[in-house]
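Hi,

Here is the structure I promised to pass on to you. Have a look at it first, and then read my notes underneath.

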Amino acid sequence: MSQNCEEKFVNTEMWNLFRNRFKSETTEASYWSDIQEFCRITGKEFTKSDSSDVRKYYDWMNDQVRNGRLSKITLTKKFRELHSYASFLMEQGIYLAGEEHDYFYPYLKTMTKESALAGAVPVEEMDALLKAASADRMAYTILTLMYRAGMTSTEVIGISGEDDFIEYDDGVYVILSDREAPCYIPDDAWQILKEYMDQRFVCETLFYNRSGRPLNTMYISRMMKKYCSLAGIRNYSAQAVRNSCAFNMFAYGATDGQTARQMGRTEQQIRRYRGSLYRKNLQKQAADLVKIHIEKP
């Protein structure tokens, strides 16, 4: 990764000291990219930025969130990284911001309050997304499996065909290559899936493109952008749809163990989905809720 740029926004010596903290090249690259982005938007060296510059950056990024080009969780990540770098420079005595904290910290405190909903799709917007995709049976089925069964987009597109599904006394399960145990398919999702399988062509995988070839994650990403746009909501990721499955399970009283098994995660990993804000939002929408139990398109 090159540390050179046309305008010397970042002190090389300080950056080299700071980057020694990272064990991962990916993390280092993320910090470098976000610091450079901040400096390009403000047009200043990092150490010469002030509260008005941070406000300008925040307003610009918030526009990206409102337009669906950036998620709230990504915005929070950026501010955490900028706050971390600013704090380091303050420790070195070369970045004198506020009396007690850097200029990024006040915004970060606000974002922390929003984090309980980060990475999930509000129920009313999920409802709009499903309605927008209702004419596309394959897209509707894929969304259903992610939202109701908690499957990742990679798991969904990796299903070979009907032989991957097993019916037991308590319901239908699907065998997924990267999971130790089969994944339960709720009955409403199974009914939608069966209708899709009844009308699909027999190809190498259960879901396929126009040429009959297996889908890839880029296809799913484009699918999400298309139907989020048609639904008039911001651009959610497939991961956010899957995350909503865990939030919904917790909101309706599922235990850590039950949710972890459904999502194919450990109990420790799954606890971050215990979102009280999501539960309150779910309760607000209860009167109009139609898609926790997903209907056929």
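**Aromatic pairs**

Counting ring pairs by their centre-to-centre distance gives 21 aromatic pairs. Please keep in mind as you read that this is a predicted model.

One of these pairs is made by phenylalanine 46 and tyrosine 85. Their ring centres are 5.0 Å apart and their planes meet at 65°, so the pair is edge-to-face; the cut-off for that label is an angle over 60 degrees. Phenylalanine 46 sits in the loop between α2 (25–42) and α3 (51–66), while tyrosine 85 belongs to helix α4 (residues 72–91), so the pair ties together parts that are 39 residues apart in sequence. Are these two residues buried or exposed? Phenylalanine 46 counts as buried, at 1% relative accessibility, and tyrosine 85 is buried with a relative accessible area of 1%.

Another pair worth finding on your screen is tyrosine 57 with phenylalanine 79. This one is tilted, with 5.6 Å from centre to centre and 40° between the planes. Tyrosine 57 is in helix α3 and phenylalanine 79 in helix α4, so many as 22 residues separate these distant parts of the chain. Tyrosine 57 is buried, with a relative accessible area of 0%, and phenylalanine 79 counts as buried at 0% relative accessibility.

**The sheet and its helix**

Next, look for an open sheet of three strands, in the order β1-β2-β3 and with antiparallel pairing. Which strands stand at the edges? They are β1 (165–168) and β3 (183–185); each has a single partner strand, so one side of each is left without a neighbour in the sheet. From one strand to the next, the twist averages 35°.

Strand β2 (residues 171–174) runs antiparallel to β3, and three bridges join the two. Within this part, tyrosine 173 stands opposite tyrosine 184 in β3. Helix α9 (residues 187–199) packs on the sheet and touches β1, β2 and β3. The direction of α9 makes about 80° with that of β3.

**A threonine to look at**

Finally, try selecting threonine 144, which is found in helix α7 (residues 137–149). Threonine 144 is buried, with a relative accessible area of 1%. What does its side chain reach at 2.8 Å? The partner is the backbone oxygen of tyrosine 140. Leaving aside residues up to four places away in sequence, threonine 144 touches Leu130, Ala149, Ala189, Ile192 and Ile294.

Enjoy exploring!

Best wishes

Conventions
Residues are numbered from 1 along each chain as its sequence is written. This is a predicted model: local features need pLDDT of at least 70, side-chain atom pairs count only at pLDDT 80 or more; totals for chains, interfaces and linings use all residues. Side-chain values use heavy atoms; hydrogens and water are left out. Two strands pair if DSSP finds at least two bridges between them. Helices (H or I, at least four residues) and strands (E, at least two) are DSSP runs, numbered from the N terminus. Axes are lines fitted to C-alpha atoms, for helices over the stretch in contact, and angles run from 0 to 180 degrees between N-to-C directions. Contact means heavy atoms within 4.5 Å. Buried means under 20% relative accessible area, exposed over 50%, partly exposed in between (1.4 Å probe, protein chains only). A polar contact is a pair of N or O atoms within 3.5 Å; within protein, one must be able to donate a hydrogen and the other to accept it, and residues adjacent in sequence count only if both atoms are side-chain atoms. Rings of Phe, Tyr and Trp (its six-membered ring) pair if their centres lie within 6.5 Å; planes under 30 degrees apart count as stacked, over 60 as edge-to-face and the rest as tilted.
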